[in-house]
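Me: I'd like to learn how to read a protein model piece by piece. Could you walk me through this one?

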Amino acid sequence: MKIIVDSKETINKLVSSMVSELVANKPDACLAFAAGETLKGVFAELSAEKAADFTGCEVFNICEYIGADEKSTCTYQLNSELYSKLGITKTHTPSELEPESYDEEIETHGGLDLVVLGIGLNGHIGFNEPATLFDTHTHVQQLTDSTKKMKAEHFGGIENVPDMGVTMGLKTICSAKNVILVAFGEEKAEIIHKLVYGKTTTYVPAAMLQMHMNMTLCLDKEAASKLD
Ligand code: GLP
């Protein structure tokens, strides 16, 4: 695992240039981005720089809430903050009705070239919550209280956060050729320590990424503060 620690601003620029470089080399790349707060700066940077032509890319949403109002969905955020700005139209979202077909859809397009992730305070990636098995494909997932608490502000109160989501599985994510995980802030420091040094147990889903051959962890100083 490659670990990069720098200011939030520099990390946003760096991740943006890593994504653009991949697309410049492979204009029909298959990409996947996490929704949430962490990647907003990367999206802004990608949209401002427009350093590659993304119109040939296939983009797969990593996860989605089930039963959320339209403006609170991951799809809405990704469309408005990223896809619309880069002219990305070939987009895909997992369906709770037929989740397993999503992995086939990804395979049909040649597999994921790059997944850009955030991380939950309990170590979830996508909506793969603790106790998710390592060989899971896209599936419906019950959200934990920890995740619902994290997302309470986004939904205007914890009572409005959906109970369920649909997400790429750990196997789906780890099958990507390249993975970038971004984390900012002191509150993520403990889970980042577990990701890097902890046992690869199902209780820390992100620790599975220790075994990925092309995994880059991009942190600000606060998120990296428990690594030494
Ligand atoms: C959510 C999403 C993830 C996201 C993570 C971190 O539950 N399903 O894709 O990466 O939480 O969110 P944030 O970046 O807002 O801290």
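**Reading the fold, step by step**

Reply: Happy to. Keep in mind that this is a predicted model. A good opening step is the overall picture: the protein's accessible surface comes to about 10,300 Å², and 50% of that belongs to carbon and sulfur atoms.

Me: How many helices and strands are there in the protein?

Reply: Seven helices and ten strands. The radius of gyration is 16 Å, close to the 17 Å from the globule rule for 228 residues, so the protein is as compact as a globular protein of that length. The C-alpha trace spans about 40 × 40 × 35 Å along its principal axes. Of the 228 residues, 53% count as buried.

Me: Which contacts should I look at to see how the chain comes together?

Reply: Look at how far apart in sequence the partners are. Among contacts with a separation of 6 or more, 80% are between residues 24 or more positions apart.

Me: What is the strand order in the open sheet of seven strands?

Reply: The order is β1-β10-β9-β6-β2-β3-β5, with parallel pairing. At the edges stand β1 (2-5) and β5 (91-92), each with a single partner strand, so one side of each has no neighbour in the sheet.

Me: How do I follow the pairing from one edge to the other?

Reply: Go strand by strand and pick a bridge to anchor your eye. β1 and β10 pair in parallel over four bridges, and I3 has L217 in β10 as its bridge partner. Next, five bridges link β9 and β10, again parallel; here V179 is partnered by M215 in β10. Strand β9 (residues 178-183) is joined to β6 by four bridges and runs parallel to it, with I180 in β9 as the bridge partner of V116. β2 and β6 then pair in parallel over three bridges, where L31 stands opposite L114 in β6. Towards the other edge, two bridges join β3 (residues 58-60) to β5, also parallel, and V59 has T91 in β5 as its bridge partner.

Me: How do I read the two faces of a strand?

Reply: The general idea is that in a regular strand the side chains alternate between the two faces of the sheet. Take β10 (residues 215-219), where five of its five residues are buried. M215, L217 and L219 lie on one side, T216 and C218 on the other, and both faces are covered. β6 is covered on both faces too: L114 and V116 are on one side, V115 and L117 on the other, and all are buried.

Me: Which residues of strand β7 are on its covered face, and which on its uncovered one?

Reply: In β7 (residues 139-142), H139 and Q141 make up the covered face, while V140 and Q142 make up the uncovered one. The pairing of β7 with β8 (residues 164-167) is antiparallel, over four bridges. One place to find it is Q142, which stands opposite M164 in β8.

Me: And how do I read a helix?

Reply: An α-helix has 3.6 residues a turn, so residues three or four places apart point the same way. In helix α2 (residues 40-49), the buried residues are V42, F43, E45, L46 and S47. These pack against α1 (8-25), β2 (30-33) and α3.

Me: Is Y83 buried or exposed?

Reply: Buried means under 20% relative accessible area, and Y83, at 1%, counts as buried. Y83 lies in helix α3 (residues 74-86). Beyond its neighbours within four places in sequence, Y83 is in contact with F33, V59, N61, L78, I88 and T91. Two of these, V59 and T91, are the bridge partners we met between β3 and β5.

Me: What about backbone angles: which residues have a positive phi although they are not glycine?

Reply: K50 is one of them, with a phi of about 40°. K50 comes just after α2, in the loop between α2 and β3. A131 is another, with a phi of about 85°. A131 sits in the loop between β6 (114-117) and β7, and is partly exposed with a relative accessible area of 41%.

Me: Where are the charges, on average?

Reply: For that, compare mean positions. The protein has 19 positive and 33 negative charges, and their mean positions are 5 Å apart.

Notes: Residues are numbered from 1 along each chain as its sequence is written. This is a predicted model: local features need pLDDT of at least 70, side-chain atom pairs count only at pLDDT 80 or more; totals for chains, interfaces and linings use all residues. Side-chain values use heavy atoms; hydrogens and water are left out. The radius of gyration is taken over C-alpha atoms; the globule rule is 2.2 Å times the number of residues to the power 0.38. Buried means under 20% relative accessible area, exposed over 50%, partly exposed in between (1.4 Å probe, protein chains only). Contact means heavy atoms within 4.5 Å. Accessible areas come from the Shrake-Rupley method with a 1.4 Å probe; for residues, only the protein chains shown count as cover. Lys and Arg count as positive and Asp and Glu as negative; His and the chain ends are not counted. The place of a charge is taken as NZ of Lys, CZ of Arg, CG of Asp or CD of Glu. Two strands pair if DSSP finds at least two bridges between them.
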